[in-house]
Amino acid sequence: MTTASNTAAQRAAFDADAVGAQVNSLLGSSVTWLQERWLEILIAIGAGAVIALALFWLRRLGPRLARRSASGKGWSAVLGRAIERTNAFFIIMLSAKLVSGYAATPPEVDTTATFLFTVAAVFQAAIWARELILGAIEHRTRSEHYSGEALVSAMGLIRLLVSFAVFAIALVVVLDNLGVNVTGLVAGLGVGGIAIGLAAQGIFADLFAALAIIFDRPFRRGDKVSYDNTSGVIEAIGLKSTRIRAYTGELRIISNRKLLDKEIQNVTLRDHIRVGYTIGVAYETPPDTLARVPQILTELVEAEGAKVARAGFDTFGASSIDVVLQVDTAGDDWGVAHATRNRLMVAIVRRFAEEGIVIPYPTQTTFTAAPDGTLVMPYSEQLHIAPTEAK
């Protein structure tokens with residue numbers, strides 16, 4: 001026990017002596033440098049002061065640049081806030097680094113200045129990166145359709161995650177410049193990140209899905225969408241889920257991750273609504289009249305202000321010759337499309353009546369056979385009058 005204590009004491013004394021020797025060497029070289037290079041040092045200090053003042057003046061332009069954005073979320077605001085976050089220590093160390101070569105600093109002083117500049121530059125880069133990332137998210141979501149939704153709900157968590165990521169990287173870079181072996185630290189951070197990710201994978205999946213909705217914009221609040229067997233209007237896009245007001249009145253809630261896994265039809269983005277009809281025309285219709293049916297339908301559709309996508313014969317049906325009519329109504333308003341469809345159906349019935357075109361009812365004739373296979377007439381033979389007898 002005594003031997004171990006003596007060894008620890010000797011090691012502490014040795015470390016203290018080494019640190020003292022380094023401090024004395026730094027002070028000695030600094031004094032010698034000041035005595036020999038005092039003129040260059042004064043010139044370098046003056047040049048550095050001018051550079052620092054210029055950089056401080058440029059930093060004051062940040063708020064002015066930010067005020068140019070009316071919404072406060074434009075790119076000018078993002079860059080302005082990033083410039084405004086420039087640290088005074090970074091400006092001083094940058095100025096010193098730029099003029100250190102002219103002053104011919106000794107190796108000990110130069111090493112110290114380089115280390116301090118590296119620390120200032122790395123953490124300043126982390127601050128700029130954080131501001132630019134968060135500003136880019138706010139810029140992407142500056143539309144009023146997203147105000148108060150996923151951005152407000154997720155911004156605190158996003159800011160925490162981004163800050164942790166950029167400053168963790170900055171810390172690793174600084175330690176690596178100090179000569180510290182950061183392999184274990186990086187591995188520990190990786191394992192910790194994996195553990196946290198596995199524990200909260202559902203939350204993070206929905207969060208990233210919300211960010212995907214914000215950036216990719218497959219829909220916005222107020223859009224009419226359809227997915228699976230559900231159709232409705234987007235009421236809110238939250239951190240974990242999206243709320244859809246169905247046309248039948250109920251509010252349906254689905255997680256963002258599951259919603260993006262489905263095929264979503266954004267009805268709001270459609271530029272027209274197509275309505276289809278299948279119209280039967282009686283086989284007894286004269287061929288000349290039958291040939292005019294597509295043109296008649298086209299005239300009726302154009303009279304309603306709609307557009308014909310298709311108007312033509314489809315097939316020989318069981319009771320009629322089937323005609324297919326597909327009509328496009330401009331816009332995405334189903335109320336307008338339904339009203340146009342109703343007026344068009346009445347117009348078709350009226351015009352067909354004027355042209356003598358019959359839309360037949362489905363009919364079916366049943367024939368009865370005798371045991372020997374001959375057909376049995378469905379009416380009495382006495383009622384049958386041959387044409388020659390009628391004369």
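How many bridges pair strand β1 with strand β2 in the antiparallel sense? The close-ups below start there; note that the model is predicted.

**View 1. The β1–β2 hairpin.** Four bridges hold the answer: β1, residues 224–227, and β2, residues 230–237, pair over that many in the antiparallel sense. Look for Y227, whose bridge partner in β2 is T230. Another pair to pick out is V225, which has G232 as its bridge partner in β2. The two strands make a hairpin with two residues between them. In that turn sits D228, with a positive phi of about 50°.

**View 2. From β2 on to β3.** Here the chain carries on through a hairpin, with three residues joining β2 to β3. The strand β3 covers residues 241–246, and its pairing with β2 is antiparallel, over five bridges. To find your way around, start at A236, which stands opposite R243 in β3.

**View 3. The five-stranded sheet.** Pull back a little and the hairpin strands turn up in an open sheet with the order β4-β3-β2-β1-β5 and antiparallel pairing. Which strands stand at the edges? They are β4 (251–255) and β5 (264–266), and each has a single partner strand, so one side of each is left without a neighbour in the sheet. On average, neighbouring strands of this sheet are turned by 40° against each other, direction ignored.

**View 4. Helices α11 and α12.** This one shows α11 (residues 293–303) packing with α12, their axes 10 Å apart and at an angle of about 140°. Oblique is counted here up to 145 degrees, so α11 is oblique to α12. As for handedness, the crossing of α11 and α12 is right-handed.

**View 5. The cavity beside α12.** How many cavities of 30 Å³ or more does a search of the whole structure find? Just one turns up, and the largest cavity holds about 30 Å³ of space. Its lining is made up of V275, Y277, V327, T329, A337, T340, R341 and L344. Three elements give two or more residues to that lining: β6 (272–281), β8 (321–330) and α12 (334–355). Of these, α12 gives the most, with four residues. Sort the lining by class and you get five nonpolar residues, two polar and one charged.

Notes:
Residues are numbered from 1 along each chain as its sequence is written. This is a predicted model: local features need pLDDT of at least 70, side-chain atom pairs count only at pLDDT 80 or more; totals for chains, interfaces and linings use all residues. Side-chain values use heavy atoms; hydrogens and water are left out. On a 1 Å grid over the protein atoms alone, a cavity is a set of points where a 1.4 Å probe fits but cannot get out, and a pocket is an open set with protein on both sides within 12 Å along at least five of seven lines; lining residues have an atom within 4 Å of a point. Grid points are joined across faces, edges and corners, and a volume is the space filled by probe spheres set on the points. Ala, Val, Leu, Ile, Met, Phe, Trp, Tyr, Cys and Pro count as nonpolar, Asp, Glu, Lys and Arg as charged, and the others, Gly among them, as polar. Two strands pair if DSSP finds at least two bridges between them. Axes are lines fitted to C-alpha atoms, for helices over the stretch in contact, and angles run from 0 to 180 degrees between N-to-C directions. Angles under 35 degrees count as roughly parallel, over 145 as roughly antiparallel, 65 to 115 as roughly perpendicular and the rest as oblique. A crossing is left-handed if the near helix is turned anticlockwise from the far one by less than a right angle, and right-handed if clockwise.
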